[in-house]
Amino acid sequence: MKEIATEYIPTNKTSKNACISEYQNIEERKFDNRYGNILNSTIYYGNKGDKKYVIKVMSLEPMIEFNKKRLTNEIKMAKLASDKGFSPKIHNVFYCKTEKGKDKLFMVMDKINGGDLAEYTRENKLTQNEQNMLKKLINDLFENDMYPRWLSKEHILVELDENKKIKKFYITSLSQFSSLEMMRENSKKEILNELEWLSDMTEY
């Protein structure tokens, strides 16, 4: 994990939410998948003063090779998207042993004020300018070597201005994204795995 995250050792290892005790008003958000896949993770909301954060907590146990590669890919894609301004800004990624003795990975990012696009479009229609903003975001992803396998309205977040108008779009669920290098490597492995029939044609 050291290649994608730093280690954090809490001061009080037995207190509730020990690994994120520096944040206030911690609230678990069950079934909230706006900030990524919830099958192997839990979403919390918290704040420091007036600043609001989303804390995504991902289990590291058991860490089989497939899960390790998938998690590493998600973190790398999330950091790249954050640096480019395509996804909520990531402030910290660290791993920590919880008060229950479980190893977990924590990703702290900005909370976007307008919810997701699915919620927004239940009561609002997108203007032509807003549609163009969204199309530009998608174009920018591909131009920066980030290729989504799919992208739902629930994984597009909406930042609103003081007039409740869309200021910016963000994408989440980076586990569904690949780079050209990753796709090349995965394709090569799939083809090589399919060549198992060669053993039936080999002389010994």
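Two strands are taken to pair if DSSP finds at least two bridges between them. The exercises below apply to a predicted model.

**Exercise 1. Determine the strand order of the open sheet and identify which strands lie at its edges.**

Solution. Step one is to list the pairing partners in sequence across the sheet: six strands form an open sheet in the order 1-5-6-4-3-2. The pairing within this sheet is mixed. Step two is to look for strands that pair on one side only; these are strand 1 (6–7) and strand 2 (24–29), the edge strands.

**Exercise 2. Describe how strand 4 and strand 6 pair, and name the residue opposite Ile55.**

Solution. Strand 4 covers residues 51–59 and strand 6 covers residues 103–110. Their pairing is antiparallel and extends over seven bridges. Within this register, Ile55 stands opposite Val108 of strand 6.

**Exercise 3. Locate the disulfide, give its handedness, and decide whether its cysteines are buried or exposed.**

Solution. First, apply the distance criterion: a pair of cysteine sulfur atoms must lie within 2.5 Å. Cys19 and Cys96 satisfy it, with an S to S distance of 2.0 Å, and the count comes to one disulfide. Next, place the partners along the chain. Cys19 lies in the loop between strand 1 and strand 2, whereas Cys96 belongs to strand 5 (residues 90–97); the two are 77 residues apart, and the link thus connects distant parts of the chain. The torsion about the S-S bond is -80°, a left-handed link. Finally, compare accessibility with the threshold for burial, under 20% relative accessible area. Cys19 is buried because its relative accessible area is 3%. Cys96 is likewise buried, because its relative accessibility is 2%.

**Exercise 4. Characterise the largest nonpolar core and the surroundings of Phe169.**

Solution. The largest nonpolar core holds 36 residues; Tyr35, Ile75, Leu105, Met107, Phe169 and Ile171 touch the most other members. Helix 1 (residues 65–84) gives the most to this core, contributing five residues. A second, separate core has 11 residues, among them Cys19, Ile20, Tyr53 and Phe94. For Phe169, residues up to four places away in sequence are set aside; the contacts then include Phe86, Leu117, Leu126, Glu130 and Met133. Further contacts of Phe169 include Leu134, Leu137, Ile156, Leu157 and Val158.

**Exercise 5. Analyse the hairpin of strand 8 and strand 9.**

Solution. Strand 8 (residues 156–160) and strand 9 (residues 166–171) pair in the antiparallel sense over five bridges. Glu159 stands opposite Lys168 in strand 9. Five residues lie between the strands of this hairpin, in which Lys164 takes a positive phi near 65°.

Key: Residues numbered from 1 in each chain as written. Predicted model: local features only at pLDDT ≥ 70, side-chain atom pairs only at ≥ 80, totals over all residues. Heavy atoms only, no water. Core = buried A, V, L, I, M, F, W, Y, C linked by side-chain atoms within 4.5 Å. Buried < 20%, exposed > 50% of the residue type's maximum accessible area, 1.4 Å probe, protein only. Helix = DSSP H or I, 4+ residues; strand = E, 2+ residues; numbered from the N terminus. Contact = heavy atoms within 4.5 Å.
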